[in-house]
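Q: I'm new to reading structures and would like a close look at one part of this one. Please pick the empty spaces as the topic and walk me through what surrounds them.

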Amino acid sequence: MTWTRQLRYVFMAFLFMVAYHYLSSYHAPTGLPWDKISGKSSSSNPPLSSLQQCQSSDYSNTSYELANATFVMLIRNSDLDGTISSIRALEDRFNSKFGYPYVLLNNEPFTDEFKRRVSVLIRSEVQFGLIPKEHWSQPDWIDEENAAKARKQMVATNVKYGGSVSYRNMCRFNSGFFYRHELLQKYKWYWRVEPNVKFYCDINDDPFRYMEENQKVYGFTITVYEISATIRSLWSTVTDFIENHPEYIATDNAMGFISDNNGKTYNRCHFWSNFEIADMDFWRGEAYTAFFEHLDSKGGFYYERWGDAPVHSIAAALFLRRDQVHFFAEIGYQHDDWGHCPLPDDMWEKGRCSCSQKGSFDYDPSSCKPRWDKFMNSQ
């Protein structure tokens, strides 16, 4: 080989090495300097764990506009394991893609251990709030002798939570006070989450934005019958309110869902409020405020065991148009023994659902979903 050819060979090899180095550098992961990948330290760059944390929180810096919304959990310190389970499921199936904040409420101060173990699960904002005593106590004007007698009778007939004062406090709080809490004043929308619930499907679209963009006010996944013994005088109290305030009753309302005889009686159907996505401005509004105050003045939360589920449901059925109430068919959800699993195959597959469609509560004899379907399909 001549000297000229040797020089040409060396020059070509040099060009190849330069090109290879350039291309390798060009395809290096952005945002990760090479000395971090190799494990070398550098005072001018943050540690790898910090870079990973920034990257995992990129949803907060995207152009997607979140709704003015939050998750709300009413929990006790003893609910820690159930709270962790619910949050892990919700983050996995939905919120890791969006980053909505959480507000956790308790009638006692949260322990440091509770706050530490929950906070580490959530990359978005989480706030821990204490419920004011006046919002979580049996009012002084309740006749305790009569209330105690009612509790005793319910215990004797095996009514669920029939003897519990704290359960009644919770029902009254969820009916008329949670949306007044100081930590919730800056929010419009909420998604109620309970301990020990399951989310079976990927939630790829934003339910809050769906509600907002489609003029919805109240959303649910499960609807059931209430226990008769807990609401003996509720409907007569409701009809008194209707007679005195016909101006609050919406045109094209959902009375036909909760009553089979145009309001003479209540068929006990209600939206199961352990899951609800709704507009807090509705609860804060004139109609619902007057409605709750009327119910509360009768003492039925303590003399009987009125639940927030029938209270919310009756209000939504009467004060909203039927098209403002929405069934979230695509959200696979389980609470206690009852759950909803998306029934259309394409919806189930799109959500990568882990639930059995055969086990969905929708058309169980105890479900009011057939009544809802019939009502919504009627003219």
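**Hollows and their neighbours**

A: Let's start with a small space: the second largest cavity is lined by T221, I222, T223, F361, D362, S367 and K369. Keep in mind as we go that this is a predicted model. That cavity has a volume of about 30 Å³, and its lining is made up of two nonpolar, three polar and two charged residues. Searching the whole structure for cavities of 30 Å³ or more turns up two of them.

On to the other one. The largest cavity has a volume of about 80 Å³. Around it you'll find V72, L74, L105, F173, N174, F178, Y190, R192, E194 and E276. Sort those by class and you get six nonpolar, one polar and three charged residues. Which elements should you look for here? Strand 1 (69–74), helix 7 and strand 4 (189–192) each give at least two residues to this lining.

Now for the largest pocket, which has a volume of about 1000 Å³. Its lining has 34 residues, and the ones nearest the pocket's centre are Y161, Y167, M170, E194 and H335. You've met E194 already, since E194 also lines the largest cavity. The elements that contribute two or more residues to the pocket lining are helix 7, strand 7 (223–225) and helix 14 (308–319). Helix 7 gives the largest share, with four residues. As for the chemistry, the pocket lining splits into 15 nonpolar, nine polar and 10 charged residues.

Helix 7 keeps coming up, so let's see what else it touches. The axes of helix 7 (residues 165–176) and helix 12 (residues 286–297) come within 10 Å and cross at roughly 155°. Angles over 145 degrees count as roughly antiparallel, so that is how helix 7 and helix 12 lie relative to each other. On the helix 7 side the contact is made by R172, S175 and G176, and on the helix 12 side by Y288, F292 and D296. That contact is an even mix by class, with two nonpolar, two polar and two charged residues.

One last stop, away from the hollows: the disulfides. The count for this model comes to three. One of them joins C201 to C353, with the two sulfurs 2.0 Å apart. This link is right-handed, with 120° about the S-S bond. Where do C201 and C353 sit along the chain? C201 is in the loop between strand 5 (198–199) and helix 8 (207–213), while C353 is in the loop between helix 15 (345–350) and helix 16 (369–377). They are 152 residues apart, and the pair ties together distant parts of the chain.

Technical notes: Residues numbered from 1 in each chain as written. Predicted model: local features only at pLDDT ≥ 70, side-chain atom pairs only at ≥ 80, totals over all residues. Heavy atoms only, no water. Axes fitted to C-alpha atoms, helices over the stretch in contact; angles between N-to-C directions. Parallel < 35°, antiparallel > 145°, perpendicular 65-115°, else oblique. Contact = heavy atoms within 4.5 Å. Nonpolar A, V, L, I, M, F, W, Y, C, P; charged D, E, K, R; others polar. 1 Å grid on protein atoms, 1.4 Å probe; cavity = no way out; pocket = protein on both sides within 12 Å on 5 of 7 lines; lining within 4 Å. Points joined across faces, edges and corners; volume = space filled by probe spheres on them. Disulfide = S-S within 2.5 Å.
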